[in-house]
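The following exercises concern a single protein model. Please study the sequence and the structure before working through each solution.

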Amino acid sequence: MEKINWLEEVEKRRDSLIKDTQEFLQINSVLNEEEASPQAPFGKGIEEALQYLLHKGETDGFLTKNVDHYAGHIEHGQGDELVGILCHVDVVPEGDGWTDEPFSAAIRDGKIFARGAIDDKGPTMAAYYALKIVKDLDLTLSKRVRIIIGTDEESSWQCVGHYFKHEEMPTVGFAPDADFPIIYAEKGLGDIELQLDFHGEAPPSGRTLLTFDSGRRLNMVPDHAKAVLEVSEGKDDITHAFNEYLSEKGIEGGYTKEGNALFLSIKGVSAHAMEPDNGINAGYHLAAFLHTVDLDEKGKSYVGFISEKLAFDSRGEKLSIAYHDDITDDLTINTGVFRYNREESIGTLGVNIRFPVTCDTKETESLLRKEAEENGFSINKFNVAPAHHVPQDHGLIQTLQKVYEEQTGEKAELLSIGGGTYARSLEAGVAFGPLFPGREDVAHQKDEHIFIEDLVKATAIYAQAIYELAK
């Protein structure tokens, strides 16, 4: 058979690839639990995105299936074995500070800007077009290929849990949801909730913390934080000190006064929790400032624990849980959700920990519980998804290395990450693109984007990968 020029095949479809990617990105597919129903378990927007892709697959002649609105798949080929491409249509909340509307899918400077452009709707469309090219060329396959479409990857992964209860596990596969060349190891993912003990609460003082709120997701660095204080005297002293703190740290914030109430707010920079140091945690800064204010007992306990044990320490040194291995590097920790309400006796902290492959998570849990209890907190939840690791000599990795090197002319180095991709849902799965070496990782950040040339190039890589794995 004549050698296929995969990039040329993608170029023939460039205009439609861009148009369909824009349409797909214009669907607001953020989790909306208030809209949840049996026909849309994660909200109407996510269901719309799932239906958009399934309808496209059906129109183009693929076998499609909607698995109870939790997930779906698009299938091509024949054979007993199954190659899986695990994608997801849900996206994280858009956040603030965008140049264009987050779901406008505007094109500027050769990039498509939208929430989900790089994580994961842009790459999902690239994978779809890759499979379509294999089908259009009428290439003979000995295996079936399935694009498996998740709907809850950015939250609790209920979608793939439900999917694999009802559908078969692929023999091998990849997730186009991280970096090129190949990610063969992923850290374990821990979601932890800490709860402040309000028993024996002392009376309010002249400076009482009423509420503290920051963050929306554990896997995002919070970009906003706000607190309300009841202050009987000395408001001006607090606001003066607050302005000095903002100036010293070079961050934005503000305050307003209403009677005895003082409202404080701080603006940070959002980033993916896999590397918290890429962002500015607004909750940490607000707690650090409030730690300098003589607050009531419970307010002092809440901001004190944040400041002394969590703030500005992405490696867990203050909590004595730091860990490193040569496969996946450092343990990282991000406090993504802060909730405090004195009237309702609520004081919680939502923490996300990324565990290296060789880390003993039970030991980490024990150390964390000890630190929490010594500071008046308890652990309500400690959920861990195990680390994922595929041996370097596995046939899946060798095939993808060959494809990447042929398409790019560059060596296919093996990488490990702190993020979690759907690849870990497979018994033998890796993350494969779409972010090329040297590109800034803008997932979960404002002005998230994908370079159109990268979208085209990734599609060519995925098309050849599908063929090589399934031929």
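Two helices count as roughly parallel if the angle between them is under 35 degrees, and as roughly antiparallel if it is over 145 degrees. The model used throughout is predicted.

**Exercise 1.** Determine how helix α3 and helix α4 are oriented towards each other, and identify the residues that form their contact.

Solution.
Step 1. Two packed helices are described by the angle between their axes and the distance between the axes.
Step 2. Helix α3 spans residues 44-59 and helix α4 spans residues 121-136; they pack at an angle of about 10°, and their axes are 12 Å apart.
Step 3. An angle of about 10° falls under 35 degrees, and α3 and α4 are therefore roughly parallel to each other.
Step 4. On the side of α3, Tyr52, Leu53, Lys56 and Gly57 make the contact, while α4 contributes Thr124, Met125 and Tyr128.
Step 5. By type, the residues of this contact comprise 4 nonpolar, 2 polar and 1 charged.

**Exercise 2.** Decide whether Arg13 is buried or exposed, and describe its surroundings.

Solution.
Step 1. Arg13 is located in the loop between α1 (6-12) and α2 (14-25).
Step 2. The relative accessibility of Arg13 is 14%. Buried means under 20%, so Arg13 counts as buried.
Step 3. A polar atom of the Arg13 side chain lies 2.6 Å from the backbone oxygen of Glu9.
Step 4. Leaving out residues up to four places away in sequence, Arg13 touches Tyr129, Ile133 and Asp136.

**Exercise 3.** Carry out a similar analysis for Gly376.

Solution.
Step 1. Gly376 belongs to the loop between α9 (361-374) and β19 (377-385).
Step 2. Its relative accessibility is 31%, so Gly376 counts as partly exposed.
Step 3. Beyond its neighbours within four places in sequence, Gly376 is in contact with Gln195, Leu196 and Asp197.
Step 4. From Gly376 to Gly190 the C-alpha to C-alpha distance is 21 Å, and the two are 186 residues apart in sequence.

**Exercise 4.** Which residues of the largest nonpolar core touch the most other members?

Solution.
Step 1. In soluble globular proteins, nonpolar side chains tend to be buried together.
Step 2. The largest nonpolar core has 74 residues, of which Trp6, Ile74, Phe174, Leu400 and Phe432 touch the most other members.
Step 3. Helix α11 (residues 452-470) gives the most to this core, namely 13 residues.
Step 4. Apart from this core lies another, of 49 residues, including Ala225, Phe289, Phe305 and Phe355.

Key
Residues are numbered from 1 along each chain as its sequence is written. This is a predicted model: local features need pLDDT of at least 70, side-chain atom pairs count only at pLDDT 80 or more; totals for chains, interfaces and linings use all residues. Side-chain values use heavy atoms; hydrogens and water are left out. Helices (H or I, at least four residues) and strands (E, at least two) are DSSP runs, numbered from the N terminus. Buried means under 20% relative accessible area, exposed over 50%, partly exposed in between (1.4 Å probe, protein chains only). Contact means heavy atoms within 4.5 Å. A polar contact is a pair of N or O atoms within 3.5 Å; within protein, one must be able to donate a hydrogen and the other to accept it, and residues adjacent in sequence count only if both atoms are side-chain atoms. A nonpolar core is a set of buried Ala, Val, Leu, Ile, Met, Phe, Trp, Tyr and Cys residues joined through side-chain atoms within 4.5 Å. Axes are lines fitted to C-alpha atoms, for helices over the stretch in contact, and angles run from 0 to 180 degrees between N-to-C directions. Angles under 35 degrees count as roughly parallel, over 145 as roughly antiparallel, 65 to 115 as roughly perpendicular and the rest as oblique. Ala, Val, Leu, Ile, Met, Phe, Trp, Tyr, Cys and Pro count as nonpolar, Asp, Glu, Lys and Arg as charged, and the others, Gly among them, as polar.
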